[in-house]
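Trainee: Could you take a close look with me at the aromatic rings in this one, and then follow the thread outwards from there? I'd like the geometry spelled out.

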Amino acid sequence: MSVTSSDSASHSGALEGSSAALEGSNAKRGLWSSRLAFILAATGSAVGLGNIWKFPYVTGENGGGAFVLVYLLCIAIVGIPIMMAEVMIGRRGGYSPVKSLSQIAERDRLKPAWKLVGAVGILAGFLILSFYSVIGGWAISYVGTTASGQLSGQSADAVGAIFSGLLSDPTTLLAWHTLFMALVMVVVVRGVRSGLERAVSILMPALFVLLLIVVGYAMTTGHFGQAAAFLFQPDFSKLTTSGILVALGHAFFTLSLGMAVMMAYGSYLPKNISIAKTSITVSVIDTGVALLAGLAIFPIVFANGLEPGAGPGLIFQTLPLAFGQMPMGSFFGTLFFVLLVFAAWTSGISLLEPIVEWLEERKGMNRTVSTLGAGIVCWALGIASILSLNLWADFAPLGFVPMLEGKTIFDLLDFFTANIMLPLGGLLVALFAGWVMSRQAMEKELALSPGMFNLWLITVRFVTPVAVAVVFIYNLM
Ligand code: PFF
């Protein structure tokens, strides 16, 4: 059992366990039993499809090195400080995100309008989950595809055809999407995280090792150097303003920031644990997984003459090739996709949890009703993303806006959540921490040296808001 709790009625779902005598508002709710438990849960949320599915394809679409550099900068100067702010707000407030923010606002005599920060996040999580679950469904489907052995020795064209076949079949996509959403709902409804955390502690390292195995295979393709150069040699002529927006948005997406997830988790973090160290640890692990995924995939892309900018299908068109060619490929491939599903699952849970908590706390629904309600509406919305891949592939509802030309519903959901809502949520968090919360309270929570505290404060006060604002304004122009 990684978490202890005495389950207050309003916040009983997330964690379960025995009661503990603890001080402050957390006394009613229980805390993570250790720093490790928090890191596991936060890593479980952060590491997901964003790292393995999305990072390689957006990197490919945006020309490689320069994009990666901007992304890394965003992680370092925006992501980590915001993660610290979120965890701090959560721990200081001690409740679910919406309640934490309004509690702090009340306690520190601030405007309850800051509740909005939590509200934006809850909506973003809900919208993200609708398409995230569809991609989670692809991953589930590939467990079977690799296990069946049909990939072995296949050409790039054949592997591509298998993937196109999946996309063109709404019924199959719907079935896998339904299964993924059901997996997420089952865990959220039962509110049992402890088993999952134990699983994360085994499966995440396993995923890491499998990625290393694929990287090892990728080194034998003869195109590893080309891939490394593609990822790490910045060519700024390939970087566009919209690429910068995508890099910023992806930094938020991959670290699960801007939607109050880390706030929710922070509310369970014991007071004596360093927020800075844990935030940095989670961010480094998350970034490491993404870079490894890049090093696994791009050598295969170049070795097979594939297109780096192939889009959302990139990993499903490259990794199966590797598994089709390497020794014991069916075994490793199956295991890889199982682990990918698991990584997506733990992230999916953290996307649904905030809205379920909100329905419980604010609308007085019980956990089963709120999970079923939110989950089913989200599932239904996912159908629009499924149809965007086939029957509605040419339907671009906002195509009249130059920036959104040709974007399907699926593309729009991804664009608005990752590139607009999450950075906006992050901006509000930065403003709340930088300008609204009491300095004394923050010094106490963060327990940094004065120099480090000031550096952090300057970042959330000025650097993050200006960075987000500049990227937004440039893209609007
Ligand atoms: N960070 C997850 C990933 O990279 O797959 C996605 C995600 C989870 C985003 C939870 C936001 C969130 F709140």
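Mentor: Sure. Trp138, Tyr142, Phe163, Phe316, Phe323, Phe336 and Phe337 join up into one aromatic cluster. Keep in mind as we go that this is a predicted model. There are 22 aromatic pairs in the structure. Take Phe316 with Phe337: the ring centres sit 6.1 Å apart and the planes meet at 20°, and since planes under 30 degrees apart count as stacked, this pair is stacked. The two partners come from distant parts of the chain, with Phe316 in helix H13 (residues 314-325) and Phe337 in helix H14 (residues 329-363), 21 residues apart. Both Phe316 and Phe337 are buried.

For a contrast in geometry, try Trp392 and Phe395. Their ring centres are also 6.1 Å apart, but the planes stand at 80°, so this pair is edge-to-face. How buried or exposed are these two? Trp392 has 35% relative accessibility, so it counts as partly exposed. Phe395, at 45% relative accessibility, counts as partly exposed as well.

Now stay with helix H14, because it brings us to another residue: Leu352 lies in that helix. With a relative accessible area of 1%, Leu352 is buried, as the cut-off for that is under 20%. Which residues does Leu352 touch once its neighbours within four places in sequence are set aside? The contacts are Leu129, Val184, Met185, Val188, Thr371, Ala374 and Gly375. If you want a distance for orientation, the C-alpha atoms of Leu352 and Tyr265 are separated by 13 Å, and the two residues are 87 apart along the chain.

Helix H5 (residues 115-147) is worth a stop too, since Ser141 is found there. Ser141 is a polar residue to check for burial, and at 9% relative accessibility it counts as buried. Leaving out residues up to four places away in sequence, Ser141 touches Leu166 and Trp176.

Next, the ligand. There are 15 residues around it, and the ones that come nearest are Ala46, Gly50, Tyr132, Phe253 and Met259. Which of these offer polar atoms to the ligand? For Ala46, a backbone N or O atom lies 3.0 Å from an oxygen atom of the ligand. For Gly50, a polar backbone atom is 2.7 Å from a ligand oxygen. Tyr132 uses its side chain instead, with a polar atom there 2.5 Å from an oxygen atom of the ligand. On its own, the ligand has 340 Å² of accessible area, and the protein covers 100% of that.

Phe253 leads on to Lys54. Lys54 touches Phe253 along with Leu49, His250, Asp414 and Ala418, not counting residues up to four places away in sequence. Lys54 sits in helix H2 (residues 49-61), and with a relative accessible area of 2% it is buried.

Backbone angles deserve a look as well. Ser256 has phi near 55°, a positive value in a residue other than glycine. It is in the loop between helix H10 (241-254) and helix H11 (261-266). Ser256 is buried, with a relative accessible area of 11%. Ala447 also has a positive phi without being glycine, near 45° in this case. Ala447 lies in the loop between H17 and H18, but here the relative accessible area is 62%, so Ala447 is exposed.

That takes us to H17 itself, the helix that Ala447 follows. H17 spans residues 439-446, and its buried residues are Ala441, Met442, Glu445 and Leu446. Why do they end up on the same side of H17? They cover an arc of only 115° around the axis, which puts them on that one side. Gln440 and Lys444, on the other side of H17, are exposed. And what covers the buried residues? The cover includes helix H3 (65-93), helix H12 (275-303), helix H16 (409-436) and helix H18 (450-476).

How values were computed: Residues are numbered from 1 along each chain as its sequence is written. This is a predicted model: local features need pLDDT of at least 70, side-chain atom pairs count only at pLDDT 80 or more; totals for chains, interfaces and linings use all residues. Side-chain values use heavy atoms; hydrogens and water are left out. Buried means under 20% relative accessible area, exposed over 50%, partly exposed in between (1.4 Å probe, protein chains only). Helices (H or I, at least four residues) and strands (E, at least two) are DSSP runs, numbered from the N terminus. The arc is that of the directions from the helix axis to the C-beta atoms. Contact means heavy atoms within 4.5 Å. A residue is near a molecule or strand if one of its heavy atoms lies within 4 Å of it. A polar contact is a pair of N or O atoms within 3.5 Å; within protein, one must be able to donate a hydrogen and the other to accept it, and residues adjacent in sequence count only if both atoms are side-chain atoms. Accessible areas come from the Shrake-Rupley method with a 1.4 Å probe; for residues, only the protein chains shown count as cover. Rings of Phe, Tyr and Trp (its six-membered ring) pair if their centres lie within 6.5 Å; planes under 30 degrees apart count as stacked, over 60 as edge-to-face and the rest as tilted.
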